[in-house]
Amino acid sequence: MSAACLGIVSAIAQEQQGLLENLRQPRCVRHGSRDYTLGTLWGSDVVLVLCGIGKVAAAATTTSLIVEFGCDALLFTGVAGGLGDGVAVGDLVIADSLLQHDLDARPLYPQYEVPDTGKSRFAADAARTHALHSAALTVFGAGCPPLIDAATQQSFGLHAPRVHRGLIVSGDQFISTRTASDALRLCLPDALAVEMEGAAVAQVCHDYGTPFALARTISDRADDTAHIDFGRFIHSVASVYSLALLQALLMPKS
Ligand code: ADE
């Protein structure tokens, strides 16, 4: 994923821990109540930042990366709840497009449509998404050795990760009941996963014409048990997957 300066965003600290540890010549700039860490990651100029949870936090951070830090491409990594059939805990979902499932200005505009854009689905950049998908298949494709020790795999019931690609939906709610996830599946049957930031990043990137790509590790099935192992999963699985994925994406091929 080549960019003069790539902004890498996650919501939660553990999701970026491994990236920070690999960052060369780090320099921290505090802006708008967030720490932006500039440096080089496997030879690419990057800005790492935690946006925090939710769409407003994600939109504000995305704007700063583009306007204040001059990022000309963005990448988001984090976790999501699985919605689609066969989208299981430990799988990866790469976004083709993103939609705000809680945006509803009816009867003025159709449900989900961002007013005055004529759009409800915002596409990720095709070339960067393709590169991210290829990197995910390299790391997690069939035959690859597991990155997680056997005890951790067993405790989360992990299998060999599958890589999915399609619609991810975002809203300012942690979806933690079967009733809520069923309602999303009914209204948005092609949604593969649900999270709380991606569609806001997509909308701001659309406004500025900035290409972006987004990958999520599935931490839960957005049901009544969604919250139980959430923190532990990010710490022991999602952070490992995120580091491996970005390394495969950014590290120059020999
Ligand atoms: N991120 C990870 N799991 C989620 C869920 N169940 N709902 C919203 N965002 C999430």
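The legends below describe close-up views of the ligand site, the largest pocket and the largest cavity in a predicted model.

**View 1. Residues around the ligand.** The ligand is surrounded by 13 residues. Gly81, Phe174, Ile175, Glu195 and Asp220 are the closest of them. Sorted by class, this shell consists of eight nonpolar, three polar and two charged residues.

**View 2. Polar contacts of the ligand.** Three pairs of atoms are shown, each with a nitrogen atom on the ligand side. In one pair, a ligand nitrogen lies 2.6 Å from an N or O atom in the side chain of aspartate 220. In another, a polar backbone atom of isoleucine 175 is 2.9 Å from a nitrogen atom of the ligand. For glycine 81, the partner is again a polar backbone atom, and the distance to a ligand nitrogen is 3.3 Å. Taken on its own, the ligand has 270 Å² of accessible area, of which the protein covers 97%.

**View 3. Strands that contribute to the ligand shell.** The space taken by the ligand is the largest pocket. Two or more residues of the shell around the ligand come from each of strand E5 (73-82), strand E9 (191-195) and strand E10 (212-220). E5 gives three residues, the largest share of this shell.

**View 4. Lining of the largest pocket.** The volume of the largest pocket is about 220 Å³. Its lining comprises 19 residues, and those closest to the pocket centre are Val79, Phe174, Glu195, Met196 and Phe230. Strands E5, E9 and E10 each provide at least two lining residues. The lining divides by class into eleven nonpolar, three polar and five charged residues.

**View 5. The largest cavity.** One cavity of 30 Å³ or more is counted in the model. The largest cavity holds about 60 Å³ of space. Residues from E5, E10 and helix H7 (230-250) take part in its lining, with at least two from each element. H7 supplies four residues, the largest share of the cavity lining.

**View 6. Residues lining the largest cavity.** The lining is made up of Glu15, Thr77, Gly78, Leu92, Ala215, Arg216, Thr217, Ala238, Tyr241, Ser242 and Leu245. By class, five of these lining residues are nonpolar, four are polar and two are charged. Strands E5 and E10 each supply at least two residues to the lining of this cavity, and each also supplies at least two residues to the lining of the largest pocket.

Conventions: Residues are numbered from 1 along each chain as its sequence is written. This is a predicted model: local features need pLDDT of at least 70, side-chain atom pairs count only at pLDDT 80 or more; totals for chains, interfaces and linings use all residues. Side-chain values use heavy atoms; hydrogens and water are left out. A residue is near a molecule or strand if one of its heavy atoms lies within 4 Å of it. A polar contact is a pair of N or O atoms within 3.5 Å; within protein, one must be able to donate a hydrogen and the other to accept it, and residues adjacent in sequence count only if both atoms are side-chain atoms. Accessible areas come from the Shrake-Rupley method with a 1.4 Å probe; for residues, only the protein chains shown count as cover. On a 1 Å grid over the protein atoms alone, a cavity is a set of points where a 1.4 Å probe fits but cannot get out, and a pocket is an open set with protein on both sides within 12 Å along at least five of seven lines; lining residues have an atom within 4 Å of a point. A molecule sits in a cavity or pocket if more than half of its atoms lie within 2 Å of its grid points. Ala, Val, Leu, Ile, Met, Phe, Trp, Tyr, Cys and Pro count as nonpolar, Asp, Glu, Lys and Arg as charged, and the others, Gly among them, as polar. Grid points are joined across faces, edges and corners, and a volume is the space filled by probe spheres set on the points.
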